[in-house]
Number of protein chains: 2
Amino acid sequence: MPPRDANATRARLLDAAFAEFAAHGIAGARVDRIAENAGANKRMIYIYFGNKEQLFDEVLRRAVEAGITAVPFDVEDLPGYAGAIFDHLITRPDLMRLRLWKLLERPDADGLEAEAFAGKTAGVAEAQQRGDLAGDMLPDDLLTMVLAAAQAWFWADEGGRLRTPERLAQHRAAVVESARRISNPQVAAD
Amino acid sequence: MPPRDANATRARLLDAAFAEFAAHGIAGARVDRIAENAGANKRMIYIYFGNKEQLFDEVLRRAVEAGITAVPFDVEDLPGYAGAIFDHLITRPDLMRLRLWKLLERPDADGLEAEAFAGKTAGVAEAQQRGDLAGDMLPDDLLTMVLAAAQAWFWADEGGRLRTPERLAQHRAAVVESARRISNPQVAAD
DNA sequence: GCGAGTCAACCAACTGGATAGTTAGTTGTA
DNA sequence: TACAACTAACTATCCAGTTGGTTGACTCGC
């Protein structure tokens, strides 16, 4: 941690802001706490990011960007994709929380998540025409259902189920199997 | 609106609080705004409900209670149940938002939602043993997947898809069909 | 059927502690 | 010496929760 390194300070602020926003949301986040946890002066936030809200936007942008590259989309294996998303999010519940805060507190400011979604639906549409995926749902809806399965635990895990590795593996299998059934062309055919 | 009617004042406060909390969450809600919109004095909130957080708990409790009675559970028709939940929530997105705020801002205070969930899983387990539902998932997981399908639109509707009645009907059909495929014993058998 | 007493309902104004954002600088480095 | 990085202290505002009451309705003795 060298002194007077702008990039390092910026990075520490972003890390601290991620933790703060994921935990408390925008309204609940405290700028002073972010600065303190980053070991930086509050002023630097306003210099580097403008204000609290813009700081949130930047934190979210980076998180989504990282998430998109971390879990590559695979139209040919939607169940596997659902499983990979599940793995990614269950190890980083903060990402889940951050996206939810965004949904609730900044619904208008739409970032690259919508863009990435659109790219994926195009792939789904092609796969449907090839007969590789169930063709009785719109690409949008099919993809939405698969993603919902991958993220379902977050709603349901309130009581803290999924604590044990066994339980986690069972749930993961249910996610993968659900994605398979939803997208399987055999099932949709009859 | 008769003057000095405690019940009426309490009810107006609860209504105003519901709107305020659904829109802004706990941290973002303003007690003054709630009192003003209820046409009541702020003091009454502290007399009737204790404090802001307890007011939120009461608002949530009533909302969940109403939701549970509004959409009766039917183990024998999970696709229909999923569709009914979808119908209920899509007409009252506030309910969805309120539950999400609770999940993010008050994850520990668990109410009757967990209780209701437990009751439903028991029914699912019986239906699985009868062979009426796919038996290759734990009751918990099966139900979680079905509920996730019903609520999936909330994640995906960021861009404001589902605006037209046609699009809404298509998505609803996808919800029902997904629930069918997930829970269908035929599919799971092979 | 009326005046005194009682209590619940209601309220304007206040308080103390946060809190986002700013000012007016100092310090390290090239 | 020039400039970017950094900082302590401040300001103006907001906001949950409180104080110290007033107002209206109902009761009971007479």
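In this predicted model, helices α4(A) and α6(A) lie oblique to each other, because their axes make an angle of about 130°, and an angle counts as oblique when it falls outside the roughly parallel (under 35 degrees), roughly perpendicular (65 to 115) and roughly antiparallel (over 145) ranges. The two helices cover residues 52–70 and 93–105 of chain A, and their axes are 11 Å apart. The crossing of α4(A) past α6(A) is left-handed. On the α4(A) side, the contact is made by Leu60(A), Ala63(A) and Gly67(A), while α6(A) brings Leu95(A), Leu98(A) and Lys102(A). Sorted by class, this contact holds four nonpolar residues, one polar and one charged.

A matching description can be given for chain B. There, the axes of α4 (residues 52–70) and α6 (residues 93–105) come within 11 Å and cross at roughly 130°, and α4(B) and α6(B) are therefore oblique to each other. This crossing is left-handed. Leu60(B), Ala63(B) and Gly67(B) of α4(B) meet Leu95(B), Leu98(B) and Lys102(B) of α6(B). The class count for this contact is four nonpolar, one polar and one charged.

Stepping back to the whole of chain A helps to place these helices. Chain A contains 10 helices and zero strands, and its C-alpha trace spans about 65 × 35 × 30 Å along the principal axes. The domain assignment divides chain A into domain 1 (1–59) and domain 2 (71–189). The centres of these two domains, taken over C-alpha atoms, are separated by 31 Å. Where they touch, six residues of domain 1 of chain A are in contact with seven residues of domain 2 of chain A. Helix α1(A) gives the most to the domain 1 side, with five residues. That side comprises four nonpolar residues, one polar and one charged.

The two protein chains also meet each other. In this interface, 35 residues of chain A are in contact with 36 residues of chain B. On the side of chain A, the elements that give two or more residues are α1, α6, α8 (139–156) and α9 (165–183). Of these, α8(A) gives the most, with 10 residues. The chain A side divides into 19 nonpolar, eight polar and eight charged residues. Helix α6(A) thus appears in two settings: it packs with α4(A), and it also gives residues to the side that touches chain B.

Finally, both chains take part in the surroundings of the DNA. Strand C is surrounded by 20 residues, the closest being Val31(A), Asn51(A), Ala6(B), Thr9(B) and Asn41(B). Two or more residues come from each of α2 (31–38) and α3 of chain A, and of α1 (6–28) and α3 of chain B. This surface has seven nonpolar, three polar and 10 charged residues.

Around DNA strand D there are 20 residues, with Ala6(A), Thr9(A), Asn41(A), Arg43(A) and Val31(B) the closest. Here α1 (6–28) and α3 (42–49) of chain A, along with α2 (31–38) and α3 (42–49) of chain B, each supply at least two residues. The surface near strand D consists of seven nonpolar, three polar and 10 charged residues. Chain A therefore offers α2 and α3 to strand C, and α1 and α3 to strand D.

Technical notes:
Residues are numbered from 1 along each chain as its sequence is written. Chains are lettered from A and ligands numbered from 1 in the order in which they are written. This is a predicted model: local features need pLDDT of at least 70, side-chain atom pairs count only at pLDDT 80 or more; totals for chains, interfaces and linings use all residues. A residue is near a molecule or strand if its C-beta atom, placed from the backbone, lies within 6 Å of it. Helices (H or I, at least four residues) and strands (E, at least two) are DSSP runs, numbered from the N terminus. Ala, Val, Leu, Ile, Met, Phe, Trp, Tyr, Cys and Pro count as nonpolar, Asp, Glu, Lys and Arg as charged, and the others, Gly among them, as polar. Axes are lines fitted to C-alpha atoms, for helices over the stretch in contact, and angles run from 0 to 180 degrees between N-to-C directions. A crossing is left-handed if the near helix is turned anticlockwise from the far one by less than a right angle, and right-handed if clockwise. Two residues are in contact if their C-beta atoms, placed from the backbone, lie within 7 Å. Domain bounds come from an automatic or database domain assignment.
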